[in-house]
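Reader: I'm new to this structure and would love a close look at a single part of it. Could you pick one helix, take me through its surroundings, and then help me find my way outward from there?

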Amino acid sequence: MFRRLWSDLPSDPEYPVDLEKLGYFINEDDEVRSIEDPNAYFKYFINRNPRWNERQRFALNQALQNEVHERLEKLDMKKCLLPIGTKDPSKPHIPIFVTRDLPIKKRIVVIFGETVQDLGMLAHRVIGSAGGVNKGSLVSVVSEIQKQRTSPTDSSPPGIILANMGELVWWPEGKRAISSSAFDYTPAKSAAHNGKLVTEENKVEFNDDAKFHVHYIFDTVIPHFVKDDVKLDIIGVGDGADYVEQYLDLPVVWERLKNRINCLALVGGLHPVWELKSEGFANEFLKNKARAYATSFEPAGIPLSGPEGNPKTTTFTDMGCPIFSSGEPHYTECTLVASAGLVLDWIQEVAMTPEGEDYANPTFEIVYADAVTADDANQSWGQEDDGEPEGEKDGKGESQTELETMDEFAEADGKGGEGPKLALLTRPGDNNGKTGDGVPEKV
């Protein structure tokens, strides 16, 4: 009979949390490249055993996050440990970043990222590849916000709070909080051990999960740093945007915050408006003071839908607010990377609303629709067994295909059969929709 000892199991691979020791450097284009081959980016597959690959990536991600945090601190951002009042960094805590002079600010931009990202990071596929460290992290966003004005009468930049939606699992051995996915790739007893169990010792008080963290930011962090009259601009990314919507939809919350929030940017969010219960938030605020930026093949900034939704596109548009293309066709984590300029320009536009006036989105008349191919027109999900499509009939009793309807829009746009790309922006007055002749403006 044979018995295998624990000591006979292969040791868990170890990699240094150091960019240079891992074989990488940051070049003049701010991109992570291989020291051995400066033309090569990060190489994930270094071993047939996935544990080796993930342990290497874990170390690289930690090293890159250290680099990002150093850059944020150079932008006058400081780490704050949650719960508020935590002094000992070896005790369970969640770090966030706040502007160093936050208590004197009159406007604050609060950013809630995705729950799969580390603090300060947007997309590792950009940080570790084409694009670079600043572009793939919140360093680029923070630096642009710091160029803005607080209001028409205040030229100082607004304050910033970077929430930490991803790193909510306490790692006792590392004395830091990490994401749930990274927790599986922390050092194990051996390379054969598979996964780790999150227990009570891995939780941080008042920040058990993303939902609790959103509550703590609004209920405790913001009141701790600023007065009740400070205005808030909120940016949510991916599922972070969804959690923020769920929080603001609570009746008691909305009653308390409705007069403080300037605007809400939902970047890559997908929360359906029909699940929202608050009349004021769902039917008034989202329509007038919120915008969504979705994954789309269209150029960044193209209006895809108004608040009522757009059934002529496969993009999810039932969100209760105007929706624009982010310029990112595939990955939610890259939506803010691609649309940061649009998002920040808009929140600055809202902030520059003259004192005494109330900003509201202009009225959007959307005629955008997805391009339809001949194959799409010939085969519809709504076809009956006899091959005749369901739907409206024309005057001769014949069914109109989707292609014919699309052609009507295309002709109205003067582009023949290329498919409608026109959005009419009706501004009944100035940019707040108050006065004027109401002549539609082409976008």
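Author: Let's begin with helix α8, which spans residues 279-289, in what is a predicted model. Which residues of α8 are buried? They are Phe281, Ala282, Phe285, Leu286 and Lys289. Around the helix axis these residues cover an arc of only 125°, so they sit on the same side of α8. The spacing makes sense if you recall how a helix turns: an α-helix has 3.6 residues a turn, so residues three or four places apart point the same way.

What does that buried side pack against? The partners of the buried residues are three helices and two strands, listed here with their residues: α6 (239-248), α7 (251-257), α9 (335-351), β10 (261-267) and β11 (290-294).

For contrast, look at Lys287, which also belongs to α8. With a relative accessibility of 46%, Lys287 counts as partly exposed. Setting aside neighbours within four places in sequence, Lys287 is in contact with Pro307, Gly320, Pro322 and Asn361. You can also find Gly306 from here: it is 19 residues away from Lys287 along the chain, and their C-alpha atoms are separated by 8.5 Å.

Now step across to strand β10, one of the partners of α8's buried residues. A good residue to click on in β10 is Leu266. Is Leu266 buried or exposed? Its relative accessibility is 0%, so Leu266 counts as buried. Leaving out neighbours within four places in sequence, Leu266 is in contact with Gly236, Ala241, Glu245, Arg291, Ala292, Tyr293, Met319 and Cys321. Among these, Ala241 and Glu245 fall within the residue range of α6, while Arg291, Ala292 and Tyr293 fall within that of β11. Both α6 and β11 also pack against the buried residues of α8. One further landmark is Asp239: Leu266 and Asp239 are 27 residues apart in sequence, and 9.6 Å lies between their C-alpha atoms.

Helix α6 leads us on to another helix, α5, which runs through residues 210-225. The axes of α5 and α6 are 10 Å apart, and the two helices pack at an angle of about 60°. That angle makes α5 oblique to α6. The crossing of α5 past α6 is right-handed. On the α5 side the contact is made by Ala210, Lys211, Val214, His215, Phe218 and Asp219, and on the α6 side by Tyr243, Val244, Gln246 and Tyr247. Sorted by class, the residues of this contact are 6 nonpolar, 2 polar and 2 charged.

In the loop between α4 (180-183) and α5 you will find Phe206. Its phi is near 70°, a positive value in a residue other than glycine. Phe206 counts as partly exposed, at 45% relative accessibility.

Let's return to α8's surroundings and take another route, through α9. The axis of α9 comes within 10 Å of that of helix α3 (residues 138-145), and the two cross at roughly 10°. Therefore α3 and α9 are roughly parallel to each other. From α3, Leu138, Val141, Glu144 and Ile145 meet Leu336, Ala340 and Leu344 from α9. This contact has 6 nonpolar residues, 1 charged residue and no polar ones.

Helix α3 has another partner in α1 (residues 50-74): their axes are 10 Å apart and they pack at an angle of about 10°. That makes α1 roughly parallel to α3. Here Val68, Arg71 and Leu72 of α1 make the contact with Leu138, Val139 and Val142 of α3. By class, there are 5 nonpolar residues, 1 charged residue and no polar ones. Notice that Leu138 takes part in the contact with α1 and also in the one with α9.

Two loops are worth a stop on the way out. Pro83 lies in the loop between β3 (77-82) and β4 (94-99), and the peptide bond leading to Pro83 from Leu82 is cis, with omega near 0°. Asp30 sits in the loop between β1 (24-26) and β2 (32-34). Although Asp30 is not a glycine, its phi is positive, at about 70°. Asp30 is buried, with a relative accessible area of 16%.

Finally, zoom out to the protein chain, which has 11 helices and 16 strands. Of its 443 residues, 47% count as buried. Among contacts with a separation of 6 or more, 68% are between residues 24 or more positions apart.

Key. Residues are numbered from 1 along each chain as its sequence is written. This is a predicted model: local features need pLDDT of at least 70, side-chain atom pairs count only at pLDDT 80 or more; totals for chains, interfaces and linings use all residues. Side-chain values use heavy atoms; hydrogens and water are left out. Buried means under 20% relative accessible area, exposed over 50%, partly exposed in between (1.4 Å probe, protein chains only). Helices (H or I, at least four residues) and strands (E, at least two) are DSSP runs, numbered from the N terminus. The arc is that of the directions from the helix axis to the C-beta atoms. Contact means heavy atoms within 4.5 Å. Axes are lines fitted to C-alpha atoms, for helices over the stretch in contact, and angles run from 0 to 180 degrees between N-to-C directions. Angles under 35 degrees count as roughly parallel, over 145 as roughly antiparallel, 65 to 115 as roughly perpendicular and the rest as oblique. Ala, Val, Leu, Ile, Met, Phe, Trp, Tyr, Cys and Pro count as nonpolar, Asp, Glu, Lys and Arg as charged, and the others, Gly among them, as polar. A crossing is left-handed if the near helix is turned anticlockwise from the far one by less than a right angle, and right-handed if clockwise.
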